[in-house]
Amino acid sequence: MAKFRDVAAFDESGDAGYTMMPWRFTALDNERCVATNMAGEYIAMSREEVSDFASGRLTVDYDLYSDLKAKHFLIDADTDVAVDLLALKVRTKLAPLANFTGLHIFVTTLRCEHSCPYCQVSRANDDKREFDMTEETAMRALDLVFRSPSPTIKIEFQGGESLLNMAMIRFIVAEALRRNETAQRNLAFVIATNLAILDEEMLAFAREHGILMSTSLDGPADLHNRNRPRPGKDSHEKAIDGIRRARTALGHYNVGALMTTTAASLSRVREIIDEYVRLDFGGIFLRPLSPYGFAIKTKTYAAYDQKKWLDFYFEGLDYIIDLNLDGHEFIEHYAAMVLKKMLTPLQTSYVDLMSPAGIGIGAIVYNYDGTVYASDESRMLAEMGDTTFALGNVHENDFADIMLGDALLNPLEQSFAGSVPGCSWCAFEPWCGAEPVFHHATQGDFVGKKPLSSFCTRNMAVFRGLILRMEANPDIKRMFERWANIV
């Protein structure tokens with residue numbers, strides 16, 4: 001218990017009128033600490049208040065006492081249901097684990113007509129059809145999809161450029177719908193595409209089947225075209241035209257966009273956000289690069305360090321906060337997902353913020369050749385020659401082989417944040433995720449040395465930054481509470 005509380009000088013003989021529930025704390029700034037309980041609820045306290053609470057010196061006339069009691073940091077003689085309520089909140093956060101894999105990614109082709117230097121996957125020229133998924137592979141992958149117990153199944157088509165194998169998308173959608181007549185799942189489809197080759201026939205098919213579209217938008221035209229080159233040097237023009245036509249066909253809110261931060265983006269976060277606002281998106285995900293694929297081969301990943309990205313992120317976050325305070329509703333999606341874990345009893349489905357890790361149990365990937373990967377990042381790593389997270393092949397292995405094999409269970413067990421050194425006693429652990437693929441890629445093992453982990457550095461800075469902004473301004477806290485209930 002002492003380790004869980006992370007209180008080095010805890011006085012067991014303190015004559016407290018309360019019993020402490022498991023809690024942890026860490027520094028928030030030079031004067032204050034943030035404490036969290038098992039369910040991820042937090043309280044900001046002065047260092048003196050932390051000492052008083054830990055040593056049993058708090059009395060009921062402290063305002064802090066009521067806050068700690070309300071959030072189940074302590075129980076006393078007047079508390080009958082606190083333990084049960086805390087257990088219910090923890091159980092609610094972990095409940096999605098029972099549903100197992102809901103996101104199933106089909107790599108329909110590696111072919112792509114873009115040549116993005118930061119691309120996290122290896123791509124093939126758009127005439128190399130040997131890198132297309134076949135119907136036999138798709139059928140066997142769908143066998144695994146419908147073995148998942150999840151009541152909600154989302155099939156996402158990726159590439160390469162997924163639309164270069166539109167025939168396979170049509171085949172998979174038709175077959176999945178046929179099987180779902182019996183399975184009766186909540187079935188959805190998403191096409192991840194750069195939109196450059198989108199035509200009216202593709203849009204008609206997507207509209208007929210209620211298919212969502214997700215694209216890439218890195219900012220204004222010059223930045224997007226630099227980050228995402230293609231023949232004709234018109235990737236931004238193609239993306240904007242595709243967004244417009246897709247919204248007309250599918251509905252405004254059925255078309256999403258993601259950006260990736262390159263070195264060229266770092267000084268332009270406001271322009272990038274303005275481009276999303278101009279195009280009437282409801283928010284933006286300020287994403288860093290990942291250490292995989294062409295991002296490593298072209299040295300794009302090494303072009304900026306974590307501090308530069310954090311400066312970029314917080315400048316963008318503060319700009320978005322100002323937009324909201326001026327009356328324009330717009331969210332930063334990564335912050336919103338963290339806030340969901342901070343401020344609600346619910347869990348996010350974002351793989352990077354899940355513990356146990358989201359690999360395999362949050363999302364799974366069926367490559368064009370039938371190889372099954374634990375996540376999209378696992379596929380990216382394999383393209384670099386490291387198949388650690390290859391779980392099997394749809395032509396050779398069944399559901400039990402893939403989901404119960406050591407290739408998945410070992411990293412899940414070893415990286416579980418609740419028992420990992422450096423994580424298990426960290427106050428931020430309830431909000432963070434276990435990222436075994438990232439740590440394997442950057443440090444060579446599933447856990448990694450946390451003081452050297454840029455994943456930890458980034459998340460801890462974001463967590464502190466969000467709390468500091470909420471504590472400084474009640475209007476920002478109310479805004480963040482809205483964000484937490486949107487994602």
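Helices and strands are here DSSP runs, numbered from the N terminus, a helix having at least four residues and a strand at least two. The structure is a predicted model, and this tour visits its backbone in four stops.

**First stop: Pro356.** Select the loop between helix 13 (333-343) and strand 13 (363-366), where Pro356 lies. The peptide bond that leads from Ser355 into Pro356 is cis, and its omega is near 0°.

**Second stop: Gly160.** Move next to the loop that runs between strand 7 (152-158) and helix 6 (166-183); Gly160 is found there. Display Gly159 as well, since the bond to inspect is the one joining Gly159 and Gly160: this peptide bond is cis, with omega at about 15°.

A general remark places these stops and the following ones in context: most peptide bonds are trans, and most residues other than glycine have a negative phi.

**Third stop: Phe100.** Select Phe100 in the loop between helix 4 (82-94) and strand 6 (103-107). Phe100 is not a glycine, yet its phi is positive, near 65°. With the surface displayed, consider the side of the question that concerns solvent: Phe100 has a relative accessible area of 24% and is therefore partly exposed, the range for that term lying between the 20% limit for buried and the 50% limit for exposed.

**Fourth stop: Lys233.** Finally, go to the loop between helix 8 (221-227) and helix 9 (235-250), which holds Lys233. Here too a residue other than glycine has a positive phi, near 50° for Lys233. Lys233 is exposed, because its relative accessible area is 73% and exposed means over 50%.

Technical notes:
Residues are numbered from 1 along each chain as its sequence is written. This is a predicted model: local features need pLDDT of at least 70, side-chain atom pairs count only at pLDDT 80 or more; totals for chains, interfaces and linings use all residues. Side-chain values use heavy atoms; hydrogens and water are left out. Buried means under 20% relative accessible area, exposed over 50%, partly exposed in between (1.4 Å probe, protein chains only).
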